[in-house]
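Trainee: Could you take me through the salt bridges of this model, with a close look at which residues pair up and where they sit?

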Amino acid sequence: MLGLLLPWCGATLRAAGDADVAAAWELVARHLPTDAQARLGATTGGGREAAFAAAVVLLDRPPVTDAKLTTAAAQLADLARGDDEIAAAAGYLEARLYQAHFFSPDPARAARAYAALAARQPHSPWAQLGLVKLALLRLYVLPEPASPAARVAAAEALLAQVEIPALQRDLHLVLGRGRLFFQLPGVLPHLLAADRIGGLAGTVRSDLQLQIAELSRRAGEPAQARRYFKAFLAENEVDPRVYTVRARLAEMAGKEGTP
């Protein structure tokens, strides 16, 4: 959970008005919540930032119990009533608690919290990230809508609200894989859109290349399939799937009668 907060913390540290709050964030980043709490106890200021840091530290200190999570959720809900970035971060983290961290998650409450954050602060990166999480809830978790096509449509409706390119890419990946999971058409446009935005690396990028290549081959688009298979080979010399990709290219060439 805290890994999602560290980019925001880094930006906050540069402008922090209280040295103890700044030091507490650094201790949080080093996974030293007890030391961070001690530094926060020494602060004479900090205001909303100190209160937010205290809620984050509470979540990171073992043992994690539902009682502790409930206390933190109440603190975050209070901070989320503002209109600054602390409010947005607090609103996002509150929703995440209900989605994934309580021992008995409440996905409906998490979905309402994500939607409320997007309505209050639609341009905040935290609200936009919350929309990606909300798409996952609509696709796989919430009881309504019930049909696969309606689930996908409800998740796809969120695309119009996402402005940050990296999060647009992530949402396209979620939607493409959702269509694949439910065996619905329209997978390739989402995966191709994610690839056009770019910024992926490692296994995530190579998996996307192979998905696009194989789906293109099955869809009767051999030129596109070859392009993505070859891009995979050019970037992944030691990947164990290289042999299979070369065999697939040879098979395609044989069927087309090309060398």
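What follows is a walk through the charged pairs, with a little background on the chain.

Mentor: Happy to! Keep in mind that this is a predicted model. For the setting, the protein chain has 14 helices and zero strands, and its C-alpha trace spans about 75 × 40 × 30 Å along the principal axes. Of its 259 residues, 46% count as buried. Among contacts with a separation of 6 or more, 53% are between residues 24 or more positions apart.

Now to the charges. The chain carries 28 positive and 26 negative side chains, and the centres of these two sets lie 6 Å apart. Searching the whole structure turns up 13 salt bridges.

Let's start with the pair Asp84 and Arg48, where the closest N and O atoms are 2.9 Å apart. Asp84 belongs to the loop between α5 (66–79) and α6 (85–101), while Arg48 is in helix α4 (residues 47–60), so this salt bridge ties together parts that are 36 residues apart in sequence. How buried or exposed are the two partners? Asp84 is partly exposed, at a relative accessible area of 27%, and Arg48 is partly exposed as well, at 31%.

Further along the chain, Asp207 forms a salt bridge with Arg241, with 2.7 Å between the closest N and O atoms. Here the acid sits in a helix and the base in a loop: Asp207 is in α12 (residues 202–218) and Arg241 lies between α13 (222–235) and α14 (242–256), so the pair ties together parts that are 34 residues apart in sequence. Asp207 has a relative accessibility of 27% and counts as partly exposed; Arg241 is partly exposed too, with a relative accessible area of 28%.

Arg241 is worth a second look, because its side chain also meets that of Asp239 in a salt bridge, at 3.0 Å from N to O. Asp239 counts as buried, because its relative accessibility of 16% falls under the 20% cut-off. Arg241 therefore has salt bridges to a partly exposed acid, Asp207, and to a buried one, Asp239.

Finally, there is a network of salt bridges that links Glu214, Arg217, Arg218, Arg248, Glu251 and Lys255. As you turn the model, try tracing these groups one by one: Asp84 with Arg48, then Arg241 with Asp207 and Asp239, and then the network that includes Glu214 and Lys255.

Technical notes:
Residues are numbered from 1 along each chain as its sequence is written. This is a predicted model: local features need pLDDT of at least 70, side-chain atom pairs count only at pLDDT 80 or more; totals for chains, interfaces and linings use all residues. Side-chain values use heavy atoms; hydrogens and water are left out. Helices (H or I, at least four residues) and strands (E, at least two) are DSSP runs, numbered from the N terminus. Buried means under 20% relative accessible area, exposed over 50%, partly exposed in between (1.4 Å probe, protein chains only). Contact means heavy atoms within 4.5 Å. Lys and Arg count as positive and Asp and Glu as negative; His and the chain ends are not counted. The place of a charge is taken as NZ of Lys, CZ of Arg, CG of Asp or CD of Glu. A salt bridge is a side-chain nitrogen of Lys or Arg within 4 Å of a carboxyl oxygen of Asp or Glu.
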